[in-house]
Amino acid sequence: MFILKGKLLRFTKDIINPVKIILLSILFLVLVILIKYKPVYLVTLSGETLGYVTEKSELDNKINEYINTKEGTVALIDIEVMPEYTLDLVSRNEETKENEILEEIEKTAVITYRTYGVSVNGEIKTEVDTEAEALDIINNLGQDVEEGVDFELGYTEIYTTEENTSVPEDKALEVVSEIKTAKVTEYEEEQARIAAEKAAAEAAAREAARKAAEAKKSTAVATSSASYGSHGSVNGIAISNPLKTSPLITSRFGERSSSRSSSHTGLDLAVSLGTSIYPIASGTVVTASYQGSYGNMIVIDHGNGVQSYYAHCNSINVSVGESVTTDTVIGTVGSTGNSTGPHLHLEIRINGVAYNPQNYLY
Ligand SMILES: [Zn+2]
């Protein structure tokens with residue numbers, strides 16, 4: 001009993017030791033604090049309070065995890081401002097908000113997307129998610145393109161902060177395919193146009209060559225004999241070919257020959273005997289008879305002082321005073337009078353003066 005009392009005394013003495021009292025008080029206080037409060041980190045982002053987290057390393061890890069999770073076309077996630085932590089004690093009832101804080105931080109992230117633009121002739125026409133898809137489209141549509149078609153495929157990486165600019169591969173393929181069809185059609189139409197132009201130019205060249213050959217031929221005819229037809233007029237009277245065929249000019253106006261002492265007053269046109277003679281213009285018959293060296297001669301008055309002479313005729317088919325047109329057969333070619341062979345001696349006179357018929361004919 002005594003011993004027990006002694007121990008109790010010693011114990012009491014221990015308890016009242018001031019140092020121990022202080023230590024015990026602190027211990028008690030800490031216990032109370034730990035029961036009521038918990039240590040947490042206050043998270044702030046650019047000075048703005050976001051809330052509490054238990055472990056700062058945990059939030060940092062989650063942020064890093066988020067930055068490194070590049071799904072789909074995400075190429076880069078950049079969080080420019082990292083959160084700041086302050087150690088704090090809060091009531092154990094206070095809830096920490098790791099997930100909400102992470103979401104808030106994610107909202108500040110700048111996301112860069114990478115797509116693959118498929119280009120036609122250097123111009124991007126559509127975007128797909130992956131390089132493989134871009135190459136697939138190029139291999140699919142870049143083949144069998146006829147040379148000359150304006151259709152060159154390519155691809156390029158595109159970095160953008162805009163989301164969802166790419167389309168599924170089949171959709172992209174359709175877009176590029178339509179452009180290809182249009183380019184091929186454009187090329188074919190152009191080729192057809194060129195071919196048509198070429199054909200037209202060739203046809204024009206052939207026609208020009210044909211005309212040139214024809215012109216050459218008619219020139220040749222004109223030089224060998226005389227061209228058929230008429231030209232010009234005398235004192236307003238249109239002149240036409242009295243033989244309606246191409247005669248051979250055997251003696252020209254003004255020529256002298258051994259058989260004539262004076263200058264030739266007409267034009268000698270050799271054709272076969274009996275060829276029909278027509279007036280050079282309509283008019284009235286003023287002479288239709290044998291006239292010495294002229295042989296059988298017809299003279300027609302056309303008015304305006306113009307008269308035409310048809311000499312050496314084989315026959316005379318008209319009479320004086322008769323009206324004739326360029327369709328009237330007034331006589332036929334012969335060799336009467338001073339003539340060495342069948343020919344028409346034609347004269348055109350204005351007020352009795354002979355003019356060169358070749359001014360108007362042949
Ligand atoms: Zn003559």
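**Strand pairing, cores and loops in a predicted model**

In strand β2, Glu-48 is the bridge partner of Leu-45. This pair belongs to a predicted model, in which strand β1 (residues 37-45) and β2 run antiparallel and are joined by five bridges. The two strands form part of an open sheet of three strands, arranged in the order β2-β1-β4 with antiparallel pairing. The edge positions are taken by β2 (48-53) and β4 (84-91); each has a single partner strand, so one side of each is left without a neighbour in the sheet. On average, and with direction ignored, neighbouring strands of this sheet are turned by 35 degrees against each other. Helix α3 (residues 56-68) packs on the sheet and touches β1, β2 and β4. The direction of α3 makes about 110 degrees with that of β2.

The chain as a whole contains six helices and 19 strands. Of its 362 residues, 21% count as buried. Among contacts between residues at least 6 apart in sequence, 65% join residues at least 24 apart. The mean pLDDT of the chain is 86, and 89% of the residues reach 70 or more. Over residues 218-230, however, the pLDDT is below 50; in the model this stretch has 21 contacts beyond near neighbours in sequence.

Helix α2 (residues 18-36) was examined for its length and its surroundings. At 1.5 Å a residue, the 19 residues of α2 should span 27 Å, and the end C-alpha atoms are indeed 27 Å apart, in agreement with that expectation. The number of buried residues among the 19 of α2 is zero, so the helix lies largely in the open.

The largest nonpolar core comprises 21 residues, of which Met-297, Ile-298, Tyr-310 and Cys-313 touch the most other members. At least two residues of this core are supplied by each of β11 (267-270), β13 (283-290), β14 (296-303), β15 (306-316) and β18 (344-350). Strand β15 gives the most, with five residues. Leaving aside neighbours within four places in sequence, Tyr-310 is in contact with Pro-242, Ile-277, Met-297, Ile-298, Ile-330, Gly-331, Leu-344 and Leu-346. Apart from this core lies another, of 10 residues, which includes Val-118, Ile-137, Leu-153 and Val-176.

The loop between β13 and β14 contains Gly-292. With 9 other C-beta atoms within 10 Å, Gly-292 is exposed, because a residue counts as such at 12 or fewer. Gly-292 and Asn-338 are 46 residues apart along the chain, yet their C-alpha atoms are separated by 7.8 Å.

Strands β5 and β6 also run antiparallel, joined by five bridges. Within this pairing, Ser-119 stands opposite Ile-124 in β6. The two strands form a hairpin with two residues between them. One residue of the turn is Asn-121, which has a positive phi of about 50 degrees. Most residues other than glycine have a negative phi. Asn-121 is found in the loop between β5 (110-120) and β6 (123-128). Its environment contains 12 other C-beta atoms within 10 Å; Asn-121 is therefore exposed, the limit for this class being 12 or fewer.

A positive phi is also found at Asp-144, where the value is about 55 degrees although the residue is not a glycine. Asp-144 lies in the loop between α5 (131-141) and β7 (153-160). With 5 C-beta neighbours inside 10 Å, Asp-144 likewise counts as exposed.

Strand β5 further contains Thr-112. This residue has 15 other C-beta atoms within 10 Å and is partly exposed, because that number falls between the limit of 12 or fewer for exposed residues and that of 20 or more for buried ones. Leaving aside neighbours within four places in sequence, Thr-112 is in contact with Ala-75, Leu-76, Tyr-159 and Thr-161. The C-alpha atoms of Thr-112 and Val-74 are separated by 6.0 Å, with the two residues lying 38 residues apart along the chain.

How values were computed: Residues numbered from 1 in each chain as written. Predicted model: local features only at pLDDT ≥ 70, side-chain atom pairs only at ≥ 80, totals over all residues. pLDDT = per-residue confidence, 0-100. Contact = placed C-beta atoms within 7 Å. Helix = DSSP H or I, 4+ residues; strand = E, 2+ residues; numbered from the N terminus. Core = buried A, V, L, I, M, F, W, Y, C linked by C-beta atoms within 7 Å. Expected span 1.5 Å × (residues − 1). Pairing = 2+ DSSP bridges. Axes fitted to C-alpha atoms, helices over the stretch in contact; angles between N-to-C directions.
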